[in-house]
Amino acid sequence: MCGIFGYIGHRNASSLLVKGLLRLEYRGYDSSGVVVKNGQLQSYKDIGKISEMATSLPEFKGSMGIAHTRWATHGGVTKENAHPHLSNDGKVAIVHNGILQNSDALRKRLKRAGVQLNSETDSEVFCHYIAMALEEGKAPLEALQSVLSMTRGTWGVCVLFQEYDYVLCARNGSPLIIGRGKDEMFISSDPHAIREHTDQLVALEDGQIAKLDAHNFQVMQTDGKEVVSHLLQLEEEWGESELGEYPHFMLKEIHEQSQSLQHCISGRLRHAEGTSVLGGLQVQPQELAQLPHVRLIGCGTALHAAQIGQILIEQWARIPAVSHVASEFNANDPVINPKALHLAISQSGETADTLSAVKEIQRKGADVYGVVNVVGSSIARQCGKGVYIHSGPEQSVASTKAFTNMVGALALFALQLGRSRHLSKTKGKSIIREMRTLPEKIRAYLEQPGPIEQAVELVTKAKSVLFLGRGISSPVASEGALKLMEIAYIPCLAYPAGEMKHGPIALIEQDSPVVVIAPNDGVQERTLNAIHECKARGAKIILIHEEGDPISETADVSIPIPSTMPMLTPLLSVLPTQLIAYHAALALDNDVDRPRNLAKSVTVE
Ligand code: F6R
């Protein structure tokens, strides 16, 4: 949510800043801007896409600057509200991610002091208070410290000064990474945007400030006490950040799922023992013996993966498991059992709601394991242990390959847990054999995806779409509905198939599309009841089923997927729902990779 990029060195800052912003565009894309120091602070910002802002950006000279891509929180999408914000004397420029809770009071104080405010944002207060403090004779660091002492909320903030050859930045709840190159420094809200320049990265922690020039950086606590910072150990990730031959990142990432699942499971399966090994997620026999339950926490797509993980753990390990919406987790003062196992699931590793649930669990005395994609991200670091899902960079706002790898990693974990309890070696081996076939089955399905266009025609004409699934297909229905809603803007409702008759059935009219996920999994027969109840009321059934299954006769649009073992079906049944969403968004002329109002990394609660 909002992206920051900064550069201090010997190269042209402006072009590096734009490149950095483009890599961060999925964090927010309603407006963007850059400020470069070349004697004066030269600033340019605009609403719309970064590529549009970049085409009208003047040719700024200078080798030091900061830049921002915005996802609006306080104040509408206007040029004035875009970052950077400059003090009225033009001597201080800031970019900010996060939300200042007491910004109204701070803005009022500025107005009373006669300071002209130029935007409706909370962020703008930073530059004015810093400029006032400089005016009073404070040094830049002192000026920033004094502002931070009066603000409440979250920030990743960078400050550029007309009169000083360094940048200050501070973090509290919004990520900032420093990258050290040869006689140059980078700042970014995401390691992924710096990796092409250097692998020498340091992540600021909450409550820290950093001072950077081209050659050195110094990290300190807000009170100025210096701290020793450690280089982030980032494993080399697979995957290209460029579009290549694909028209959209979402389509590219859908097609990468075969390869990304392979990356997730490779080296982690032990066929001879019928188990899996997840280095960062080893439960000791003593802990296992006392394990009361497992809790899985996530938001959006990660929540749906958590719901599938919950079922896998209960089925294979016979341990009670429950999944939680991260944004609700802290609301009710949850009881935490320190002996329980907690898993935080997140692609970005930056989702504020999930991070705050992690902190709550830790505060109450339990450990949390991260199941995360972005290496070195805040949740990965806060948990301190866990596994990476190895999806490679996911740039489309709508998550696809990360879902697959979250489910893949959770399946590996459920298998490992099951094998250390009652799951037989024979069963373990059969799970492994089946998991190994999945990358190829994904590839084969994507090559011949079935009549997606027919499904698209039905859903794009509809007022709303109902998604149904039972058992392990119920979270897949939720994931399909989320995807269609977020990029095609079609109202969707996902329901467990059996629950439909308790209310949502009232929505069904002649020709209402209902997407049913019904693999041959032992609960299918009862899903069939729901299909007949919908059909009797005129619904059109878009049925996702295993190939060769006679249930296809009940479908208006029949989409066959390869067969697999029931507990692993989500890894295949989700694919048609992703394609329906993608093609529906295209048919409606929507911006597939940058859906309105959304951002990939939601760093505010
Ligand atoms: C849906 C989507 C969001 C994210 C959610 C959690 O396609 O992308 O619902 O899944 O914001 O994000 P992470 O996984 O980064 O914590």
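These legends accompany close-up views of a predicted model. Local features need pLDDT of at least 70 and side-chain atom pairs count only at pLDDT 80 or more, while totals for chains, interfaces and linings use all residues. Residues are numbered from 1 along each chain as its sequence is written, and side-chain values use heavy atoms, with hydrogens and water left out.

**View 1. The residues around the ligand.** Let us start with the shell, where 15 residues surround the ligand, and Ser346, Gln347, Ser348, Thr351 and Glu486 come nearest (near: a heavy atom within 4 Å). By type, the shell divides into 6 nonpolar, 7 polar and 2 charged residues (nonpolar: Ala, Val, Leu, Ile, Met, Phe, Trp, Tyr, Cys and Pro; charged: Asp, Glu, Lys and Arg; polar: the others, Gly among them). Domain 2 (249-447) and domain 3 (452-587) each give at least three residues to this shell, with bounds from an automatic or database domain assignment.

**View 2. Polar atoms facing ligand oxygens.** Here the pairs shown are N or O atoms within 3.5 Å. The side chain of Ser348 places an N or O atom 2.6 Å from a ligand oxygen. For Lys483, a polar side-chain atom lies 2.9 Å from an oxygen atom of the ligand. Thr301 takes part through a backbone N or O atom, 3.1 Å from a ligand oxygen.

**View 3. A cis peptide bond.** Look for the bond joining His83 and Pro84, which is cis with omega about 5°. Pro84 belongs to the loop between β4 (64-70) and β5 (85-86); strands are DSSP runs (E, at least two residues), numbered from the N terminus.

**View 4. A positive phi.** Asp183 is not a glycine, yet its phi is positive, about 55°. Asp183 sits in the loop between β9 (177-180) and β10 (185-188).

Note on methods. Polar contact = N/O pair within 3.5 Å; in protein donor to acceptor, adjacent residues only side chain to side chain. Helix = DSSP H or I, 4+ residues; strand = E, 2+ residues; numbered from the N terminus.
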